[in-house]
Amino acid sequence: IEDINVMVGAPADEVLAKLPAKVTVEQEDGIQRDVDVVWNIDGVKLDKAGTYEAVGTIAGTDVQAKVKVIVGEEAVIDTLTPAELKASAKEGATAEEVYAKLKKDIVATYTDGTTKELTLSGWDYSKVDFSKAGTYEATGKLSLDGTEIEKTIPIKVTITKEGGGTTKPVTKPNIPGGNNSDWKWPEGSGSGSDSGKKNPNSGDSSMLPIALAVLAASAG
């Protein structure tokens, strides 16, 4: 008789259903026949993982049939597909708007190799600042057949600035006499810089066209 495998917590009826109703016995004359058997699984602890023995009484005889019952650890979720959920939104978006963007169907693969469909049933977004650009971590709640389970799924939320990107800095033209210019305007009249450029005398407007030309070139 083949071994019987059940998981921790399985009901007794599940074990009995897997045990054969008849067993094959060989009589003294060598003839084999199938006979009814009544099983006793009192020695099988279904609340604890281990290997136990079910004992069957064969009708009309004092012969016993025995079968090994293996009670395995309860299968648990091994991996999730996808392993992480992601969503992005602009500054000022609401939690409801971001949640609506999240994938709701997740596949769970259990340690025994089986798979089940889970559903995203809620989330904890307490660490997400929807008013400030940045990347935040949230936690998704999962349910199986409408019942919430302990397993959760990580959620990455990216909040971007309204309008997208950042503002490019404006480069100001280099105006003669400004902070970045080698042409300074000291007190007095007719002073020149070390580079050979000479400031106009007070009240002298003859250099004005040149200054304006330099300003236009810098701005262009």
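The paragraphs below lead through a sheet, a pocket and the salt bridges of a predicted model. Local features are reported at pLDDT of at least 70 and side-chain atom pairs only at pLDDT 80 or more, while totals for chains, interfaces and linings use all residues. Residues are numbered from 1 along each chain as its sequence is written, and side-chain values use heavy atoms, with hydrogens and water left out.

Six strands (DSSP runs of E, at least two residues, numbered from the N terminus) form an open sheet of mixed pairing in the order β6-β8-β9-β10-β11-β7, where two strands pair if DSSP finds at least two bridges between them. Its edges are β6 (77-81) and β7 (85-90), each of which pairs on one side only. Within this sheet, β9 (residues 115-124) and β10 (residues 134-144) run antiparallel and are joined by five bridges, and Gly122 stands opposite Lys141 in β10.

Two salt bridges are counted, each being a side-chain nitrogen of Lys or Arg within 4 Å of a carboxyl oxygen of Asp or Glu. In one of them, Glu14 pairs with Lys18, with the closest N and O atoms 3.9 Å apart; because these residues are four apart in helix α1 (residues 12-18), about one helical turn separates them, a helix being a DSSP run of H or I with at least four residues. In the other, the closest N and O atoms of Lys22 and Asp36 are 2.5 Å apart. Lys22 lies in strand β2 (residues 22-26) and Asp36 in strand β3 (residues 32-40), so this pair ties together parts that are 14 residues apart in sequence.
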